[in-house]
Amino acid sequence: MKRVTASAPGKVTLFGEHAVVYGEPALVMSIGRRVYVSAELRGDSNVRIAASDLQLPGVTVTFAGNELVVETDYGRTLSAVAYLRSAVDIVSNYLNVFRGVNLFVRSEMPVGAGLGTSAAVAVATILAYANVLGYDLRKEELAKIGWEVEKSVQGTASPMDTSITTFGGVIKVRLLGSNNYEIKKIQVNPSLPIVVGYVEREARTKDLIIKVRKLRERHPELVDNIIRTIGMLVEDAEKALVGNDLTLLGELMNVNQGLLDALGVSNKRLSDLIYAARAAGALGSKITGAGGGGCIIALAPNNQEAVEVAMKLSGGLTMRTSLGGPGALVHSEEPPTPQ
Ligand code: PMV
């Protein structure tokens with residue numbers, strides 16, 4: 001049976017989350033951890049999904065009609081599987097061909113933690129499915145279809161996560177309209193000394209986007225100024241990144257964090273981690289992604305271990321990963337499954 005495996009990386013948002021939804025630029029970087037999706041054509045028109053490892057602690061899976069509900073220890077419902085199903089439907093429409101398929105998915109990072117796994121799942125599925133059908137999509141097409149999948153499952157999404165998981169490296173993304181965006185590849189030091197911390201997520205991306213929108217409705221001028229200021233600091237951060245000016249980058253991370261806090265997307269647990277990292281010597285630290293729990297990043301050139309220990313003592317988990325991993329790709333050989 002013909003089988004194709006594709007993979008796509010997770011990401012950290014360096015600067016500009018939330019403001020990116022309102023047309024400001026964001027800087028985002030792929031990480032070394034990936035989602036793998038294998039596709040195998042079936043003889044019938046069914047889609048079967050097997051998620052061998054989505055790194056979900058204490059998972060319960062429920063079948064409710066056509067919907068598969070995945071729930072974790074934290075009581076959070078994750079719709080990772082919805083992205084696979086929607087990816088097959090949307091790419092089938094795009095290519096105007098549909099065949100039943102078995103999909104196997106495996107993730108090297110926790111799903112739903114703010115590392116862009118849903119976009120990685122969507123893009124790796126599109127790539128594996130198109131390839132097993134004999135189609136070679138251009139990267140631009142892949143990113144655009146991936147964005148459609150995210151929007152269809154989430155309702156609202158910027159093209160940030162689907163772009164970075166498609167292209168990899170570091171990119172600057174800006175939304176130009178409801179269906180249009182621009183991306184710019186940025187050449188930076190791939191060994192940027194970043195430590196990722198994680199706390200339990202209390203709110204979903206969608207709800208945090210709504211929270212910011214409501215705040216903006218109540219205080220339009222105030223919130224628009226915060227959003228524009230985030231856009232301005234992204235331009236400064238791009239220069240600092242290109243020039244590898246870590247002190248300036250750290251400072252800008254802290255300013256970005258203050259503005260995210262002003263938008264109401266931080267919480268005590270995230271703030272505890274952020275300040276613990278700074279106290280342990282990080283040059284800067286901030287939420288990465290939507291907030292409401294999930295991940296933070298800390299820039300720690302000299303003292304990564306001390307920063308990790310400080311984050312653990314403040315109740316977080318830490319994750320080590322390389323940065324700037326390659327974008328979505330098809331594997332010519334079956335990648336090894338970790339033990
Ligand atoms: O939940 P995450 O890590 O995918 O981050 C969402 C980032 C937002 O800017 C809040 C939303 C978006 O779609 O860009």
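Over how many bridges do β11 and strand β12 (residues 294–299) pair, and in which sense? In this predicted model, β11 and β12 pair over four bridges in the antiparallel sense; the legends below take up this pair with its sheet, then the other strands and the ligand.

**View 1. The open sheet that contains β11 and β12 is built from four strands.** The strands follow one another in the order β11-β12-β10-β13, and their pairing is antiparallel. The edges are taken by β11 (284–287) and β13 (317–319), each of which has a single partner strand, so one side of each is left without a neighbour in the sheet. From one strand to the next, the twist averages 25 degrees. Within the pairing of β11 with β12, S285 is the residue that stands opposite A298 in β12.

**View 2. Strands β8 and β9 form a hairpin, with two residues between them.** Strand β8 covers residues 170–177 and strand β9 covers residues 180–186, and the two pair over seven bridges in the antiparallel sense. In this pairing, V173 is found opposite I183 in β9.

**View 3. Strand β2 (residues 26–41) is paired with β8 in the antiparallel sense.** The pairing of β2 with β8 runs over four bridges, and A26 stands opposite V173 in β8. V173 therefore appears in two of these views, since it is also the residue that stands opposite I183 in β9.**View 4. The ligand lies in a shell of residues to which two domains contribute.** Domain 1 (3–187) and domain 2 (194–319) both give residues to this shell, so the ligand lies between them. Two helices, α4 (160–167) and α5 (205–218), each supply at least two residues of the shell. By character, the shell residues divide into six nonpolar, five polar and four charged.

**View 5. Among the 15 residues around the ligand, K11, H18, S158, D161 and T205 come nearest.** Three of these residues are shown with their side-chain contacts to oxygen atoms of the ligand. An N or O atom in the side chain of S158 is 2.5 Å from an oxygen atom of the ligand, and for an N or O atom in the side chain of T205 the distance to an oxygen atom of the ligand is 2.6 Å. A polar side-chain atom of K11 lies 3.1 Å from an oxygen atom of the ligand. On its own the ligand has 380 Å² of accessible area, and the protein covers 93% of that area.

Terms used. Residues numbered from 1 in each chain as written. Predicted model: local features only at pLDDT ≥ 70, side-chain atom pairs only at ≥ 80, totals over all residues. Heavy atoms only, no water. Near = heavy atom within 4 Å. Polar contact = N/O pair within 3.5 Å; in protein donor to acceptor, adjacent residues only side chain to side chain. Areas by Shrake-Rupley, 256 points an atom, 1.4 Å probe, with all protein chains shown as cover. Nonpolar A, V, L, I, M, F, W, Y, C, P; charged D, E, K, R; others polar. Domains from an automatic or database assignment. Pairing = 2+ DSSP bridges. Axes fitted to C-alpha atoms, helices over the stretch in contact; angles between N-to-C directions.
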